[in-house]
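Me: Hey, can you walk me through this one? I'd like to start with what the words mean.

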2 protein chains.
Amino acid sequence: MRPTVQDVARQAGVSLASVDRVLNQRPGVREKTIAKVEAAISKLGYIRDVSAANLAKRQIYRFAFVIPEGANSFMRGLEAEIEAVKQHSANDRTEISIYKVPPFDGRALAATLDGLDPARYSGVAVVATEAVAVRDALARLRRNNVPVVTLVSDVPSFQCDAYVGIDNVAAGRTAARLMGNFLGEKSGKIALVAGSMLVRDHVERRMGFEQVIRSDYTRLECLPVIEGKDDGQLVQKYLSECLRMHSDVVGVYNMGAGNRGLIEVLSKNGASKERVVVAHELTEHTRRALNAGIVDAIIHQDAGHEVRSALRILKARIDKTPLLAGQETIRIEIYLNENLS
Amino acid sequence: MRPTVQDVARQAGVSLASVDRVLNQRPGVREKTIAKVEAAISKLGYIRDVSAANLAKRQIYRFAFVIPEGANSFMRGLEAEIEAVKQHSANDRTEISIYKVPPFDGRALAATLDGLDPARYSGVAVVATEAVAVRDALARLRRNNVPVVTLVSDVPSFQCDAYVGIDNVAAGRTAARLMGNFLGEKSGKIALVAGSMLVRDHVERRMGFEQVIRSDYTRLECLPVIEGKDDGQLVQKYLSECLRMHSDVVGVYNMGAGNRGLIEVLSKNGASKERVVVAHELTEHTRRALNAGIVDAIIHQDAGHEVRSALRILKARIDKTPLLAGQETIRIEIYLNENLS
DNA sequence: CTGAAAGCGCTTACAG
DNA sequence: CTGAAAGCGCTTACAG
């Protein structure tokens with residue numbers, strides 16, 4: 001039988017309450033008592049039962065997810081994943097609220113974060129935009145003992161409890177390797193599409209992509225980045241102009257959203273077989289494009305994994321329990337038509 | 001406040017014990033009482049607290065993992081992942097035992113399974129070999145109400161609770177797409193290496209691989225499969241013979257283990273840049289080979305994910321709780337040097 | 001600074 | 001067929 005607090009109390013010759021105080025590092029215990037309890041714990045190999053503790057504490061986890069609103073399919077997929085755990089998590093004494101804020105708007109995000117009551121929420125996960133006001137709002141939550149994780153997009157200037165997302169430089173490098181290898185001996189230009197060069201993810205992906213192309217595929221040349229604001233309409237307009245101007249574009253890399261516009265241009269363009277196309281994030285649109293051969297590869301991050309990982313990390317901080325190493329690494333996934341699951 | 005069994009009992013005008021009987025579908029309750037309780041449950045929106053129930057039941061999960069012994073790095077990685085959750089799972093009232101059996105040996109596997117006491121184990125996960133004795137041993141466990149999942153390698157003739165692993169036909173197709181695209185305009189032969197054509201995974205991967213090569217890359221031709229018994233020494237011997245005999249081998253696909261032998265041959269061979277090499281499973285050896293450019297791509301399955309998924313599925317069966325859709329799909333992962341994490 | 005007792009939301013004998 | 005009471009492994013007031 002596994003030892004319980006009762007056993008520890010008996011072994012140490014103290015009451016249950018004292019064991020509890022030591023276990024939870026509550027103040028007002030004599031050094032000598034602490035020592036006795038700790039000796040008993042290690043002698044018996046006591047491991048505390050977290051769920052029994054949570055039952056006694058009537059612990060309920062309340063989490064806030066703050067994510068961008070708008071048409072971005074990846075973000076809507078992220079929202080769907082949050083909804084899925086939300087339904088499921090009633091079993092786990094967990095309550096989840098979703099707050100949606102305008103995308104690319106640091107002030108709006110900061111205002112929403114400032115509106116979160118630290119007494120109400122036991123943890124916050126946020127798709128962050130970099131801005132001083134955001135950093136300050138996150139710092140306020142941390143000061144009030146609310147653990148914070150950033151999701152998908154990090155804020156390096158703020159030391160949060162964890163960043164749950166991919167390494168975007170490596171993602172760009174991965175895209176470039178696929179592009180370069182798929183192009184074989186061909187030479188020519190690569191069109192680069194991003195949402196905005198003010199967004200960290202996209203800047204990092206571009207950096208990684210250009211690094212690899214320049215060093216390993218010198219017969220290829222990257223055109224200046226087209227900024228499509230993650231908006232399908234704009235992407236469509238700018239990209240078709242670009243392809244008209246440059247007849248020797250052999251590859252297209254979309255490091256941002258707005259894939260609907262990209263797909264529109266390339267499917268009209270017909271000769272998709274002759275160009276290699278790499279984009280980010282598996283959505284219903286990019287899946288269809290992979291199937292149709294309009295897109296050759298998708299670099300993906302698993303939004304469901306990110307949501308569940310964020311929750312595990314926040315709970316571990318709250319319960320002061322260790323995480324399982326390896327489970328919380330978000331991978332840079334590659335999808336071809338063949339391994340869509 | 002969330003309603004509890006107390007609330008349900010009060011609302012239904014019955015005792016706690018009766019509520020419990022209905023909740024757990026225990027026999028010996030009048031239809032009318034069942035109806036009253038069920039009405040109260042749905043009226044209050046009662047959701048049962050599984051961890052409180054497990055505490056009261058002194059429920060301890062005891063799981064057996066049955067895996068192959070031997071030098072196979074993937075299997076040793078799988079074992080390490082089981083060990084990792086084993087350490088961690090003391091917190092979760094979960095005990096895990098690992099049984100190792102000789103690889104490719106259905107009788108030894110069946111004997112081990114037959115030795116598992118159904119009274120002791122609440123669930124079993126097994127890396128299965130196809131054999132009648134194995135199927136019967138698994139059926140015995142199921143008859144004794146022990147849920148069973150197959151790990152990595154399925155036994156289609158046995159209807160188990162779940163198969164936790166990848167679709168190996170799709171994995172083969174994925175390997176072929178990478179091979180074909182990376183080869184660009186080149187034509188020539190592809191050397192195929194497998195462990196054994198008696199093992200289902202390898203047969204399926206081969207099928208998927210050849211399908212895609214034949215239909216989409218007609219300038220490429222697959223050589224007959226080399227069977228290396230997943231043994232580095234043998235793979236090295238047979239593959240180097242094969243490369244000596246065929247001067248026009250432009251690609252190598254290893255659908256089995258024994259990658260150390262493969263890497264040995266190809267690194268000596270020098271001209272690795274001229275051949276495209278695709279293999280399975282990220283291990284310390286294949287990582288190094290990716291880094292060194294000896295291997296171009298690795299098709300991978302996440303052993304840690306598989307272990308954790310198997311545990312979640314078994315627990316859900318035991319607790320009769322729903323699974324979170326999406327979390328249990330094992331993906332066919334693709335690794336290039338750039339997205340190693 | 002310490003301890004006895006009640007309680008968290010369930011389940012389990014046992015009595016009727 | 002049904003219910004009162006004790007108990008699972010913790011924590012929380014409250015009294016001293």
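Reply: Sure. One term first: a residue counts as buried when its relative accessible area is under 20%, and as exposed when that area is over 50%. Also keep in mind that this is a predicted model.

Me: OK, so is Phe209(B) buried or exposed?
Reply: Phe209(B) has a relative accessible area of 0%, and under 20% means buried, so Phe209(B) is buried.

Me: And what about Tyr253(B), buried or exposed?
Reply: Tyr253(B) counts as buried too, at 0% relative accessibility.

Me: How do the rings of Phe209(B) and Tyr253(B) sit, stacked or edge-to-face?
Reply: Their centres are 4.3 Å apart and their planes are at 15°. Planes under 30 degrees apart count as stacked, so that's what this pair is.

Me: Which parts of chain B does that pair tie together?
Reply: Phe209(B) is in helix α9 (residues 200-216) and Tyr253(B) is in strand β9 (residues 249-254), so the pair ties together parts 44 residues apart in sequence.

Me: How many aromatic pairs are there over all chains?
Reply: The search of the whole structure turns up seven. Another one of them is Tyr99(B) with Tyr121(B): ring centres 6.2 Å apart and planes at 80°, so edge-to-face. Tyr99(B) belongs to strand β2 (residues 94-101) of chain B, while Tyr121(B) is in the loop between α6 (106-114) and β3 (123-126), 22 residues apart.

Me: Which of those two is buried?
Reply: Tyr121(B) is buried, with 7% relative accessible area, whereas Tyr99(B) is partly exposed at 29%.

Me: What lies over the face of Tyr121(B)?
Reply: Arg120(B) does, at 5.6 Å from the ring centre. In chain A, Lys315(A) lies over the face of Tyr61(A), at 4.9 Å from the ring centre.

Me: Switching to the DNA. Which residues come nearest to strand C?
Reply: There are 28 residues around DNA strand C, and the nearest are Arg21(A), Thr33(A), Val5(B), Asp20(B) and Tyr46(B). Of the strand's atoms within 4 Å of the protein, 71% belong to sugar and phosphate.

Me: What does Val5(B) have 2.8 Å away?
Reply: A phosphate oxygen of DNA strand C, which is that far from a polar backbone atom of Val5(B). Asp49(B) has a polar backbone atom 3.2 Å from a phosphate oxygen of the strand. For Ala52(B), a polar backbone atom is 3.3 Å from a base nitrogen.

Me: Which element gives the most to the surface near strand C?
Reply: α4(B), with five residues. By class, that surface has 13 nonpolar, six polar and nine charged residues.

Terms used. Residues numbered from 1 in each chain as written. Chains lettered and ligands numbered in written order. Predicted model: local features only at pLDDT ≥ 70, side-chain atom pairs only at ≥ 80, totals over all residues. Heavy atoms only, no water. Near = heavy atom within 4 Å. Polar contact = N/O pair within 3.5 Å; in protein donor to acceptor, adjacent residues only side chain to side chain. Helix = DSSP H or I, 4+ residues; strand = E, 2+ residues; numbered from the N terminus. Nonpolar A, V, L, I, M, F, W, Y, C, P; charged D, E, K, R; others polar. Phe/Tyr/Trp six-rings, centres within 6.5 Å; stacked < 30°, edge-to-face > 60°. Buried < 20%, exposed > 50% of the residue type's maximum accessible area, 1.4 Å probe, protein only. Lys NZ or Arg CZ within 6 Å of the ring centre and 35° of its normal.
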